[in-house]
Amino acid sequence: MKVRTYLLLLVLVLGGLGIGAFLQFNSPSSQAAPVSEKTTSPIDKMPASEGDVREIPANALFCAKSYDAICKAAPVADPTGETSLDYRGEIRALRVLRRIVRTNPGWTTEQIENELVARIYTKERKDKLNRIFEGVRRELVDLINQQSSQIFTGTDKDVLIGRIHKVMLELPENRETYSDATDLYTKSEIYYERSHEGELRVRVGGAYVLNTSSEFSIIFTMAHELAHAIDPCEIQHGAPMNYGVYEGLVQCFVDNQWIKKEEAQCGNKDKTSEVFADWLGSEILARSIKKQSKYTLKDKVNAAVNAVRDLCDDSSGFEKVNLDYYPTDIIRVKGIFARNALLRKELQCTTSPTPKPYCRFEPPKAKGRL
């Protein structure tokens, strides 16, 4: 799940107090803070020799310095849209809320929240989210089915696929849908959870809906959240299966220094689940890009950049990631995502960023065998 703590004053005041408090303290004369995202445009050309100028290959920066390409270069548009930093979505959502309050001074909190839901979660936006969610679900099921019987037995596959099919994308019809988390309507959060009744669901914050138009960002995010249904810790709450495959996979996470050994245990402040979700989300995203046969190389690179741009820490200090539960953005973007073997193949990256093999599902080692 993508959970961030924001230092932006507007969000601290409005998000921290909640919608109810916002309605009490909102002033008709208040003005929204301007949104600005200043970045330096990447160099488009480089000298090959004196008197000669040639264009840099579209994949050059990504293949050589993936973190810079994703988190430091100027924003890009892929054929489906763009991705902005999370705080921008929260500002947009708060502006929508402010307009509703200012134009309907006599409304109750319930009326305002219902109108906020109606304006953000439109049928068009919800249809798009549902379409992408179901597509990602199919890709995950295909990935599990494609694993050999040495990795997952038929019973293991049934368990994993069964859990994937149980996850529901819960999008609000009105304020009652997220009545236990109404502040989510103005947040950029999107998360998987197991309810007290045992239901598996994914919830989507209103700010995320407003902020992200790139379908590749949504694909990665949905794949990340669906992956939690079968992550090394969550599967322990389901039907029994052979966990040996997961033990080897988690050890690979440790070997690649994505997590420390003490962080690889399920329980309080473990990072195993988030690393697994990033790892599996990267594979699903790479498969999605592979299917875009009509895309140019530049289109594919931009799609990859947009897929995880919202994982980047904002250097201006507007947001901070809780590193008790998440690896650093460098590990997530550069270490896990940009090292995916299929993604690098699709982006025509000829060199590997590290000699260590990329993690994958592998048959469990026999006891006593190194």
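1. A residue counts as exposed when its relative accessible area is over 50%, and as buried when that area is under 20%. Gln 257 has a relative accessibility of 61%, so it falls in the exposed class. The model discussed here is a predicted one. Gln 257 sits in the loop that joins α10 (244-255) to α11. Its phi is near 65 degrees, a positive value in a residue that is not glycine. Most residues other than glycine have a negative phi.

2. Gln 348 can be read alongside that residue. Its phi is near 60 degrees, again positive and again in a residue other than glycine. Gln 348 is found in the segment after α14 (341-346). With a relative accessible area of 52%, Gln 348 is exposed, because the cut-off for that class is over 50%.

3. On the overall make-up: the protein has 14 helices and seven strands. It has 370 residues, of which 52% count as buried. Taking contacts between residues at least 6 apart in sequence, 74% join residues at least 24 apart.

4. Helix α11 covers residues 272-290, and its length can be checked by simple reasoning. Its 19 residues, at 1.5 Å a residue, should span 27 Å, and the C-alpha atoms at its ends are 27 Å apart, so the two values agree. Is α11 mostly covered, or mostly open? Of its 19 residues, 18 are buried, so the description "mostly covered" applies.

5. How do α6 and α11 lie relative to each other? The axes of α6 (residues 123-145) and α11 come within 10 Å and cross at roughly 105 degrees. The two helices are therefore roughly perpendicular to each other. On the α6 side the contact is made by Val 136, Glu 139, Leu 140 and Leu 143, and on the α11 side by Leu 280, Glu 283, Ile 284 and Arg 287. Sorted by type, the residues of this contact are five nonpolar, three charged and no polar.

6. Val 141 also belongs to helix α6. Val 141 is buried, since its relative accessible area is 12% and the limit for that class is under 20%. Leaving aside neighbours within four places in sequence, Val 141 is in contact with Ile 161, Ile 164 and His 165. The C-alpha atom of Val 141 is separated by 8.4 Å from that of Leu 160, which stands 19 residues away along the chain.

7. Helix α5 (residues 109-120) has twelve residues. From its first C-alpha to its last it reaches 17 Å, close to the 16 Å expected at 1.5 Å a residue. Which residues of α5 are buried? They are Ile 112, Glu 113, Leu 116, Val 117 and Ile 120. These residues cover an arc of only 140 degrees around the axis, which means that they lie on the same side of α5.

8. Helix α12 runs over residues 297-308. Its twelve residues should span 16 Å at 1.5 Å a residue, and its end C-alpha atoms are 18 Å apart, which agrees. Nine of the twelve residues are buried, so α12 is largely enclosed by the rest of the structure. The buried ones are Lys 300, Val 301, Asn 302, Ala 303, Ala 304, Val 305, Asn 306, Ala 307 and Val 308. What covers the buried residues of α12? The cover includes α2 (60-64), α3, α9 (215-227), α11, α13 (329-337) and α14.

9. Helix α3 (residues 66-72) is where Cys 71 is placed. Not counting residues up to four places away in sequence, Cys 71 touches Cys 312 and Val 333. Its C-alpha atom and that of Asp 329 are separated by 9.1 Å, although the two residues are 258 apart along the chain.

10. Gly 198 lies in the loop between β5 (190-194) and β6 (200-204). Is Gly 198 buried, exposed or partly exposed? At 43% relative accessibility, Gly 198 counts as partly exposed, because that value lies between the two cut-offs. The C-alpha atoms of Gly 198 and His 237 are separated by 9.7 Å, with their positions 39 residues apart along the chain.

Notes
Residues are numbered from 1 along each chain as its sequence is written. This is a predicted model: local features need pLDDT of at least 70, side-chain atom pairs count only at pLDDT 80 or more; totals for chains, interfaces and linings use all residues. Side-chain values use heavy atoms; hydrogens and water are left out. Helices (H or I, at least four residues) and strands (E, at least two) are DSSP runs, numbered from the N terminus. The expected span of a helix is 1.5 Å times one less than its number of residues. Buried means under 20% relative accessible area, exposed over 50%, partly exposed in between (1.4 Å probe, protein chains only). The arc is that of the directions from the helix axis to the C-beta atoms. Axes are lines fitted to C-alpha atoms, for helices over the stretch in contact, and angles run from 0 to 180 degrees between N-to-C directions. Angles under 35 degrees count as roughly parallel, over 145 as roughly antiparallel, 65 to 115 as roughly perpendicular and the rest as oblique. Contact means heavy atoms within 4.5 Å. Ala, Val, Leu, Ile, Met, Phe, Trp, Tyr, Cys and Pro count as nonpolar, Asp, Glu, Lys and Arg as charged, and the others, Gly among them, as polar.
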